Amino acid sequence: MDQTKEQDEDYGYNLFPDRKKSKYKKGSIGESLFTFNHKCQVMLQFAIETSPYAKLLLGAMKNSGCTVYKDRHFSCEDCDGTVSGGFDATTSQIRAANLSGDCSFTNELSRFNFGLKQHHQECVRGRALRSILAVRKVSKEEAEKVVDEVFDSCFNDHTPFGRIPHSKKDAKFAYRDFENRDRYFANL
């Protein structure tokens, strides 16, 4: 890919104003106590230690040989409100929407948004589409085309969960299965 074209691409980084200069010096007491970054770091550590989603994903990455460093692989940034978190803006958001639990029946019911036939798929498709539109400067038609092209393969890929975790309870079961995956074959 042409470097100038790559540099001109908008990957949604402008949605994260925290990347701009802070009034506190990096690493200072003021930064650590009086900024969003401090609260985010505490919440990040709590999620890493307690969330079955995070524990399973981090365990799978470690098992694949990828050492995860909190300071390198996670970024606490204040965003403009159109996004509340996410993954790399350059890749497909279908797996994130499918495996996050955000399209669970109870979440959709609380939003008064539910249906009977293939509702989970439609929720995932809609969330992935909105995510792409929030972080990329593309037309709705172009985003829909991209989502449709890869939807089936991404939607059916549940790795490393082995199932769609519709709730935190499902995620705990998936994490337990992941932790015990080699136990059954150890004595063979």
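## Exercises on a predicted model

His 120 has a relative accessibility of 14% and is therefore classed as buried. The model behind this value, and behind the exercises below, is predicted.

### Exercise 1. The surroundings of His 120

Determine in which helix His 120 lies, which residues it touches beyond its sequence neighbours, and which side chain it joins by a polar contact.

Solution.

1. Locate the residue: His 120 belongs to helix α8, which covers residues 119-135.
2. Check the burial class: a value under 20% means buried, and His 120 stands at 14%.
3. Leave out residues up to four places away in sequence; His 120 then touches Asn 98, Cys 103, Phe 155, Ile 164 and His 166.
4. Look for a polar contact among side chains: His 120 and Asn 98 are joined by one of 2.8 Å.

### Exercise 2. The disulfide

Find how many disulfides the structure holds, which cysteines are joined, and whether the bond is left-handed or right-handed.

Solution.

1. Count: there is one disulfide in the structure.
2. Identify the pair: Cys 103 is bonded to Cys 123, with an S to S distance of 2.1 Å.
3. Place both ends: Cys 103 sits in the loop between α6 (94-99) and α7 (105-110), while Cys 123 sits in helix α8; the two are 20 residues apart, and the pair links distant parts of the chain.
4. Take the torsion about the S-S bond of Cys 103 and Cys 123: at about -80°, the disulfide is left-handed.
5. Add the accessibility: Cys 103 and Cys 123 are both buried.
6. Relate this to Exercise 1: Cys 103 is one of the residues that His 120 touches.

### Exercise 3. Two further cysteines

Decide whether Cys 66 is buried, partly exposed or exposed, and do likewise for Cys 154.

Solution.

1. The class limits are under 20% for buried and over 50% for exposed, with partly exposed in between.
2. Cys 66 has a relative accessibility of 30%, so Cys 66 is partly exposed.
3. Cys 154 has a relative accessible area of 15%, so Cys 154 is buried.

### Exercise 4. The contacts of Arg 95

Establish where Arg 95 lies, how exposed it is, and which residues it contacts outside its own stretch of sequence.

Solution.

1. Arg 95 is part of helix α6.
2. Its relative accessible area is 28%, which means Arg 95 is partly exposed.
3. Setting aside neighbours within four places in sequence, Arg 95 contacts Cys 154, Asp 157, His 158, Thr 159 and Pro 160.
4. One of these partners is reached through its backbone: the side chain of Arg 95 comes to 3.2 Å from the backbone oxygen of Asp 157.
5. Compare sequence and space: Arg 95 and Phe 155 are separated by 60 residues in sequence, yet by 6.1 Å from C-alpha to C-alpha.

### Exercise 5. A nonpolar patch

Name the residues that make the nonpolar surface patch and give its area.

Solution.

1. Phe 105, Leu 109 and Phe 114 make the patch, with an area of about 320 Å².
2. Of its members, Phe 105 lies in helix α7.
3. Phe 105 has a relative accessibility of 55% and so counts as exposed.

### Exercise 6. The whole chain

Summarise the secondary structure, burial, contacts and surface of the protein chain.

Solution.

1. The chain has ten helices and zero strands.
2. Of its 188 residues, 26% are buried.
3. Take contacts between residues at least 6 apart in sequence: 66% of them join residues at least 24 apart.
4. The accessible surface amounts to about 13,500 Å², and carbon and sulfur atoms account for 54% of it.

Conventions. Residues numbered from 1 in each chain as written. Predicted model: local features only at pLDDT ≥ 70, side-chain atom pairs only at ≥ 80, totals over all residues. Heavy atoms only, no water. Helix = DSSP H or I, 4+ residues; strand = E, 2+ residues; numbered from the N terminus. Buried < 20%, exposed > 50% of the residue type's maximum accessible area, 1.4 Å probe, protein only. Polar contact = N/O pair within 3.5 Å; in protein donor to acceptor, adjacent residues only side chain to side chain. Contact = heavy atoms within 4.5 Å. Disulfide = S-S within 2.5 Å. Patch = residues over 30% accessible without salt bridge, like charges linked within 9 Å, V, L, I, M, F, W, Y side chains within 5 Å. Areas by Shrake-Rupley, 256 points an atom, 1.4 Å probe, with all protein chains shown as cover. Salt bridge = Lys/Arg side-chain N within 4 Å of Asp/Glu carboxyl O.
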